[in-house]
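Q: Please take a close look at the open sheet in this structure, and at the aromatic pairs. How are the strands ordered, and which rings pair?

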Amino acid sequence: MEIEKAKLIDMYRTMLRIRRFEEKLVKEFASGRIPGTVHLYIGEEAIATAACACLNRDDYITGTHRGHGHVIAKGGRTDRMMAEIFGRKTGYCKGKGGSMHIADPDLGILGANGIVGGGVCVATGAGIACEMKGKQQVTVAFLGDGSTNEGAFHEAVNLAAIWNLPVLYIIENNLYAEKTRITDTTKIVDLSERSKSYGIPGISIDGNDVLKVYETVNEAVARARQDKGPTLIECKTYRWRGHFEGDAQGYKPREEVEEWKKKDPIPRFRKYLQDNGFLAEADADKIDAEMVQEVEDALQFAMASPFPAPEETEEDVFV
């Protein structure tokens with residue numbers, strides 16, 4: 001399919017923004033300055049980038065504990081994200097949510113989620129709301145391979161199927177649920193095969209091919225907007241870092257890690273853009289430098305921001 005040049009370049013910029021943001025967190029976490037923990041998206045940037053490029057501002061997404069990439073791809077500001085991760089008052093959730101719970105309803109970001117599969121039911125609920133409002137909005141649920149073995153996943157997808165809801169379930173299959181390989185817990189090779197149980201379309205694709213992800217998601221979004229119901233999309237990918245920062249990753253074969261790093265989606269997309277005359281090498285380098293500076297500025301913004309006051313603990317809660 002044809003994608004206009006401006007969108008292609010914007011997607012490249014988004015992938016780099018995610019990568020440089022996450023790389024900065026690697027250093028900051030190692031320095032001991034980040035409270036709590038972080039789960040990084042390095043290696044999976046093509047999925048969130050391409051999927052969110054198919055959405056409108058008023059469409060919804062739900063994320064996972066590995067959610068920084070989803071938030072950035074949907075339009076989240078890196079300065080407010082950095083502030084949230086550092087527990088500062090200027091963060092998206094006023095410093096109270098941290099890395100795993102960044103949300104911005106104004107951007108359709110219904111929240112990252114620290115519970116495995118927790119966002120799947122939220123997305124299905126949002127799909128019901130979209131259907132009731134009749135505005136042709138759609139919801140995308142990003143989920144990990146491990147969550148497909150959660151009961152909530154099956155209940156949520158089944159409901160979306162029988163009610164024909166405008167929801168896309170995008171499995172980011174990075175092969176490991178924490179430290180457990182998907183082949184140890186699931187017999188089928190393609191997780192999209194589970195779509196047959198619900199009578200909805202399912203497809204497995206190369207999650208490191210940003211153009212393939214865009215094409216697949218774009219078609220599924222169009223179906224959803226035409227009241228043709230949900231789609232289950234499995235994006236096969238790999239996380240370069242551990243389940244969390246500090247994870248020694250002794251459960252991963254070194255050869256496997258190196259082989260997947262050769263499939264890095266960013267230089268792969270850069271080569272495509274350069275080979276097809278969409279982006280000159282100097283311009284690609286300039287975009288990269290801009291993203292490095294943006295992330296550095298975001299860090300400085302976070303570090304200069306105040307912590308919330310102790311008495312604010314009881315604000316912004318239901319009870």
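A: The sheet comes first, then the aromatic rings.

This is a predicted model, in which local features need pLDDT of at least 70 and side-chain atom pairs count only at pLDDT 80 or more, while totals for chains, interfaces and linings use all residues. Residues are numbered from 1 along each chain as its sequence is written, and side-chain values use heavy atoms, with hydrogens and water left out.

Five strands make up an open sheet in the order β1-β2-β3-β7-β6, with parallel pairing. Strands (E, at least two residues) and helices (H or I, at least four) are DSSP runs numbered from the N terminus; two strands pair if DSSP finds at least two bridges between them. At the edges are β1 (60-62) and β6 (202-206), each pairing on one side only. β6 pairs with β7 (residues 231-236) in the parallel sense over five bridges, and Gly202 stands opposite Leu232 in β7.

The structure has six aromatic pairs. Rings of Phe, Tyr and Trp (its six-membered ring) pair if their centres lie within 6.5 Å; planes under 30 degrees apart count as stacked, over 60 as edge-to-face and the rest as tilted. Tyr238 and Trp260 form a stacked pair, 5.4 Å centre to centre with 5° between the planes. This pair links distant parts of the chain: Tyr238 is in the loop between β7 and α8 (254-261), and Trp260, 22 residues apart from it, is in helix α8. Tyr238 is buried, with a relative accessible area of 1%, and Trp260 is buried at 15%; buried means under 20%, exposed over 50% and partly exposed in between (1.4 Å probe, protein chains only). Ring pairs also link Tyr12, Phe269, Tyr272 and Phe278 into a cluster.
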